[in-house]
Amino acid sequence: MNAPLRRVGVVVMVLFGLLFANLNWIQAYKADEYRTSDYNGRVQVAEYERRRGNIEAGGTAFALSKETDGELKFQRAYPGGARYAHILGYKPVNLAETGIEKFENDFLAGTSDALIANRVKDMFTGDQSGGGNVLLTVSKGAQNTAFEQLRNNRVDAAKGAAIAVDPRTGAVQALVSMPSFDPNPLVSHSTNEATAAYNKLEQDPAGPLKNRALGEVLPPGSTFKIVVAAAALESGVGQQTRIPAGASWTPPTSGTPIRNAAPSICPEDEVTLINAVTESCNTGFAQMGVRLGADKIKEKARQFGFEQEDLTVGQLNEAGHPVAASRTGDMQNPDGSTDPAALAQSSIGQNNVRMTPLQGALIAASVANGGSQMRPYLVRQLLAPDRTTSYYTAKPRELRQPVSGQVAKDLRDMMVSVVENGSGTNAQLRGYTVGGKTGTAQSAPDRPDHGWFIGFALDKNGTPVSAVCVMLEQAGPGGSAEAARIAGQIMRAAIADPGGR
């Protein structure tokens, strides 16, 4: 009997040992994970005991918390609805938070290390300090204008995006993606209602949850000619240098001719560079791109910000909204040699070239700001719950310098000519010098073209005050002209209401 009892005793001791080890594993290594788990109901109740801080633009709270009579003491609310959805994101009860609500979650929730003094004070006073407040750079006037103009565009484009930045600082003045969505149902304290609202949006084929201003790329069409023009200027071509043009041009090795958008555009054999930009001469830029070579085109695009994988837009030194990398794509044959046909198409913003609206705005901002591209940001300041202390104030900094001051000046002159004499006249603003570049990009053989405009506005002293990109997806004929008109309206609003910088 002793032997069986000993065996049972050993088994029991082993089981107790395993139980003890598991208990220590949970307490020592898994406690924090379980404590912060979305499935921990007690954590959720505790989180909603503290009033979450505001997210504000221009002195108005567009994300705030309202007191309730329910188990969760505070309800998140978004008074701006769909207007600010792709900036703010949302903070639901069970789903994952997004946008500024995600990137500034600790500060808004009051759990940030920066706010530890408030939590220590609460231990002695019994109070429950709220979370910190996030102040954005956004101009209410520019944001409202961008939203309304995109929603009610004159070419009935259902999808699009607009983004405006201050060229001198990189502060985002407006950011809109269309179609948008109302985040309020997503933060319902009824998890069934919130989940149903999310599923409806996620399954919508129009993709309202997509951030088209930052996270989606499309062929930029003729707006990419500014990058090619910059490479040409750096290779010794001047504004008045005559370059080959013509009504049609077939690249070497290709049987498909490149033509201009209309027979009236640069039909002559040669045009000056400034006229090629003003008229948006496809044949001229296709030939010039092939002459410059793929390496120069790709390198200049990289210097403007193409291929950057790690750019985010939030605070200047912290994570924020992720930005999709703009690409110049493949311009080579299978054997690695340059494909002239692909290079020619790429030089007019087609082939495999893809760009975000943010990248388009940064190209225009760099030109307006003398060749200096500032890092874009959305968060202007972080304020204590009682608003007496600032824990962060944005200090603008340069991201890169894609072109010299002289090249920027030449590009500026040519872009101003586009708005004064070419396809961008809809962007004109009385009392300001406006420069820009329209773009019409093919999407698919059976789908309408995309319409683009990138541009900037300078005051009477030549100081840049706004740079913008508007993209109207599958807008068809007139899309780029409508994009230019909307861009002008956004810049007008940003000038009247500059927002926080």
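**Helix α14 and three unusual backbone positions**

Me: What should the 12 residues of helix α14 span, and how far apart are its end C-alpha atoms?
Reply: Helix α14 covers residues 357-368, and at 1.5 Å a residue (times one less than the number of residues) its 12 residues should span 16 Å. Its end C-alpha atoms lie 17 Å apart, which agrees. Helices (H or I, at least four residues) and strands (E, at least two) are DSSP runs, numbered from the N terminus. This is a predicted model, in which local features need pLDDT of at least 70 and side-chain atom pairs pLDDT 80 or more, while totals for chains, interfaces and linings use all residues. Residues are numbered from 1 along each chain as its sequence is written, and side-chain values use heavy atoms, without hydrogens and water.

Me: How many residues of α14 are buried?
Reply: In α14, 12 of the 12 residues are buried, so this helix is largely enclosed by the rest of the structure. Buried means under 20% relative accessible area, exposed over 50%, and partly exposed in between (1.4 Å probe, protein chains only).

Me: Which ones are they?
Reply: The buried residues of α14 begin with P357, L358, Q359, G360, A361 and L362, and continue with I363, A364, A365, S366, V367 and A368.

Me: And what follows α14?
Reply: G370 follows the helix, and its phi is positive, near 70°.

Me: Which residue has a positive phi although it is not a glycine, at about 35°?
Reply: That residue is C266, with a positive phi of about 35°. Most residues other than glycine have a negative phi, and most peptide bonds are trans.

Me: Where does C266 lie, and is it buried or exposed?
Reply: C266 belongs to the loop between β9 (258-259) and β10 (270-272). C266 is buried, as its relative accessible area is 0%.

Me: What is the phi of R387, and where is R387 found?
Reply: R387 is not a glycine, yet its phi is positive, about 65°. The loop that holds R387 runs between β14 (379-383) and β15 (390-393).

Me: What is the relative accessible area of R387?
Reply: The relative accessible area of R387 is 39%, which means that R387 is partly exposed.

Me: Changing topic: which residues does a cis peptide bond join?
Reply: The cis peptide bond joins M178 and P179, and its omega is about 5°.

Me: In which loop is P179 found?
Reply: P179 sits in the loop between β6 (172-178) and α8 (191-202).
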